[in-house]
Number of protein chains: 2
Amino acid sequence: MLEISRRGQAMPVSPFRKLAPYAELARQQGRIVYPLNIGQPDIETPPAALAAVRNADIRVLGYSHGAGTESYRHRLAAYYQRAGLPVVMEDIIVTTGGSEAILFALLTCLNPGDEIIIPEPFYGTYTAFSIAAGVNIVPVTARIDNGFALPPLANFERALTPRTRAILICNPSNPTGYVYRRAELESILGLCKAHSLYLISDEAYREFCYDAPYVSALELAGAEPNVVVVDTISKRYSACGARVGALVTLNKQVYVAAFRFAQMRVSPPGLGMLLAEAAAELPESYFDESKAEYQARRDLTVARLQAMPGVVCPRPGGAFYVLAHLPVDNTEAFGQWLLESFSYENQTLLLSPANGFYQTPGLGSQEVRLAYVINRTDLAAALDCLERALLAYPGRTEPPLTTTEVASAFTAPLLTQLQ
Amino acid sequence: MLEISRRGQAMPVSPFRKLAPYAELARQQGRIVYPLNIGQPDIETPPAALAAVRNADIRVLGYSHGAGTESYRHRLAAYYQRAGLPVVMEDIIVTTGGSEAILFALLTCLNPGDEIIIPEPFYGTYTAFSIAAGVNIVPVTARIDNGFALPPLANFERALTPRTRAILICNPSNPTGYVYRRAELESILGLCKAHSLYLISDEAYREFCYDAPYVSALELAGAEPNVVVVDTISKRYSACGARVGALVTLNKQVYVAAFRFAQMRVSPPGLGMLLAEAAAELPESYFDESKAEYQARRDLTVARLQAMPGVVCPRPGGAFYVLAHLPVDNTEAFGQWLLESFSYENQTLLLSPANGFYQTPGLGSQEVRLAYVINRTDLAAALDCLERALLAYPGRTEPPLTTTEVASAFTAPLLTQLQ
């Protein structure tokens, strides 16, 4: 009988899209659904970058070099250099989004059956890449009560086995928004050096740090030969659809092997590279506006969430996510209820239940990730919905609020329009 | 110690690029080098398709659906329907080039350690994909003396083991240009059905068949559930750099599993899809001109090669390659000699030694692949070079020609300008 491969069967449904069909139904019913579930920025793609594609004089849209066009790698190296990273063109392989960089890093650094340690909660799709690459994720749990800081080194050490080959961090973190401090990065690199592990650092959100300057793993003393950075222009320039990322490493052996995987698919997307090249030339000030906007949204989101009874919301230093504890029995059930049964002024919201970000069974069932990728007016409206929904949800787990508390929570009387 | 993974070490250097450094040197020395080594078409990308990218009104270049935009899948399904394939939008996953479709097909249909049978000579990069997916290629050798037709079914049957899960064909074939006849396709599908194997059919060159109409594996009776087609717009519309391909299957289980791999990398390239969508709307007549041009080149190439003493060149029915036997000791050495030591009127050529297309050791060492992807004037000049080079090459294996034969080969006296 024809069978699907075991890895094909094991591949998870994208955790970001589990609730999407319910959202679709809610929209068909005429409700406004605020999408706080995926990291698709609403900020406009830089017009100058789009213009570079429009104005390109192309007769034959041919393959590029397997590592990407020289002109783009040159500009990208300059971008990294401005950010203080000791990177030259020859350290960069342009990839098809950050996704491909992750896959190439796993294929290059780990054998099938090897283990990679990842602090959880982590970007759910790492699970899919690990299955595709045949490697096993060993989670080390970060805790909401210290804002999802790096777990103690002892916890990583306990997770080590003879099959451990790498540690993967996402910095700033998707889904927690936590930004690792230099001391944390140094300690984790030290552990990697002590045990001959690669440190794979996903730095997709590097430009979005609100409270302290960003530190790349590549800046650390001794980064070579352990560090492999995976990067993307998706969030940086609000250009997710361009599918342009990069694998950056100072380890020449890793580079050569990863480049062979890159040659396998001949070249990265040519039109996207034109866009990326123009974007890499934007002045530093380009980020001022988008960073200020995201920061204002973060402040709004955190302030509102922290004011909601029973909600625990650390203040993330970067990216555009918050990971919050909600006073509900189960955030997947709550998320579905929001879309199926809840409406406030004909609005509701779509959020990401956090169980998809944990590998340890049972964790995250009372947490959600919210992506603040919609404008502040809509964001405020979405948070209004969430506040009211938490009070109305039948599966609320915290002690019910007193009438006074509810009254003080709103200036207008609470009116949850259940369908 | 930090180590590169075994698969990273096993990944081959791209066979198309092995001689590239020598070509670079020859160019730096001022010689004209005709590139007949890679399948990068010189035909212009349809201006209307490029215009669609230029004229797109994009504010945020966001992720698309994981299977590609609906509008493009809709148009692509219509394209397949015009070609007589029973394909609807829901059977298509848009991929990042044909490359990603091959990888997804292997990951979905085969377990690590499983075997896939491929008639050799085959597209050398299949080896890289197989290493990445952890599967083993079992070659069944096609023979130059019958033009690289499908090997006898008995040879496939002898290659079967309990780990065999699929047969992969490339039709029209890269590197041989052979176009499988309907009866051949039916027989191989029959074998797949008898042994519960997937038939993965790489149809990248479907539009370039010169002597007979094209038959897709998806058109065959009973194609579902065995057939998985991998496709690309790279050659069809001379748009290799767009990186837009497709995985097409009527097997819903395969589709669902392959789609999860597609979700892993979120979406295919957005700008490339805009181009592909406009290209899919081009009238059938669009291909008339490019097909006529390729056919004229094929005729020229085959006629010239067949006229060269000691050369064996079947007449391929499709794609834009010929695979020929040359009267030399070793085509890799010959290819290098062409670039390092040969010049005719300050010109030489870059070809692909065919050993990179065979998995069985030793095969193909006297064969080369030539891609007729340069204009006819240059192509004729390249073939002039080849003709003279074969006479001058110190490693020629056929009996040396008589003075009369050499004189009759050229109207002008032979003057090989060795450097």
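**Entry 1: B:Leu305**

I looked up the burial of B:Leu305 in this predicted model: at 0% relative accessibility, B:Leu305 counts as buried. I take buried as under 20% relative accessible area, exposed as over 50% and partly exposed as in between, with a 1.4 Å probe and protein chains only. B:Leu305 belongs to helix H12 of chain B, residues 286-307. Helices are DSSP runs of H or I with at least four residues, strands are runs of E with at least two, and both are numbered from the N terminus. Leaving out residues up to four places away in sequence, I list B:Val311, B:Cys313, B:Val322, B:Ala324, B:Leu370, B:Leu383 and B:Leu386 as touching B:Leu305; contact means heavy atoms within 4.5 Å.

I note the conventions here: residues are numbered from 1 along each chain as its sequence is written, and chains are lettered from A and ligands numbered from 1 in the order in which they are written. In this predicted model local features need pLDDT of at least 70, side-chain atom pairs count only at pLDDT 80 or more, and totals for chains, interfaces and linings use all residues, while side-chain values use heavy atoms, with hydrogens and water left out.

**Entry 2: salt bridges around H12(B)**

I searched for salt bridges, each defined as a side-chain nitrogen of Lys or Arg within 4 Å of a carboxyl oxygen of Asp or Glu. Over all chains the count comes to 42 salt bridges. B:Asp299 forms one with B:Arg298 at 3.1 Å, N to O, and one with B:Arg315 at 3.2 Å, N to O. The pair of B:Arg315 and B:Asp299 links distant parts of the chain, 16 residues apart: B:Arg315 sits in the loop between H12 and S9 of chain B, and B:Asp299 in helix H12 of chain B. As to exposure, B:Arg298 is buried with a relative accessible area of 0%, B:Asp299 is partly exposed at 29%, and B:Arg315 is partly exposed at 48%.

I also found B:Arg304 and B:Asp384 joined in a salt bridge of 2.8 Å, N to O. This pair, 80 residues apart, connects helix H12 of chain B with helix H14 (residues 376-392) of chain B. B:Asp384 is partly exposed at 26% relative accessibility. In chain A, I recorded a network of salt bridges that links A:Asp42, A:Glu293, A:Arg297 and A:Arg376.

**Entry 3: strands**

I traced an open sheet of three strands in chain B, with the order S9-S12-S11 and antiparallel pairing. Strands S9 (321-325) and S11 (352-353) of chain B stand at the edges with a single partner strand each, so one side of each has no neighbour in the sheet. S9(B) and S12(B), residues 367-371, pair in the antiparallel sense over five bridges; two strands pair if DSSP finds at least two bridges between them. Within this pairing, B:Leu323 has B:Arg369 as its bridge partner in S12(B).

I then turned to S3(B). Six of its six residues are buried, so S3(B) is largely enclosed by the rest of the structure. B:Glu115, B:Ile117 and B:Pro119 lie on one side, and B:Ile116, B:Ile118 and B:Glu120 on the other. S3(B) pairs with S4(B), residues 136-141, in the parallel sense over six bridges, and B:Glu120 is the bridge partner of B:Thr141.

In chain A, four bridges join S1(A), residues 32-35, to S10(A) in parallel, with A:Pro35 opposite A:Leu350. Both faces of S10(A), residues 347-350, are covered.

**Entry 4: the interface of chain A and chain B**

I looked up the area buried between chain A and chain B: about 6,300 Å², 57% of it on carbon and sulfur atoms. Buried area is the accessible area (1.4 Å probe) that two parts lose on being put together, summed over both. A:Leu2, A:Arg7 and A:Met264 supply 13% of the area that chain A buries against chain B, more than any other three residues. The contact takes 80 residues from chain A and 79 residues from chain B.

Between the two chains I count zero salt bridges, but 39 residue pairs in polar contact, both residues at pLDDT 80 or more. A polar contact is a pair of N or O atoms within 3.5 Å; within protein, one must be able to donate a hydrogen and the other to accept it, and residues adjacent in sequence count only if both atoms are side-chain atoms. H10(A) gives the largest share of the side of chain A that touches chain B, seven residues.

I checked B:Asn111 as well, and a polar atom of its side chain lies 2.7 Å from the backbone nitrogen of A:Arg6. B:Asn111 is buried at 11% relative accessibility.
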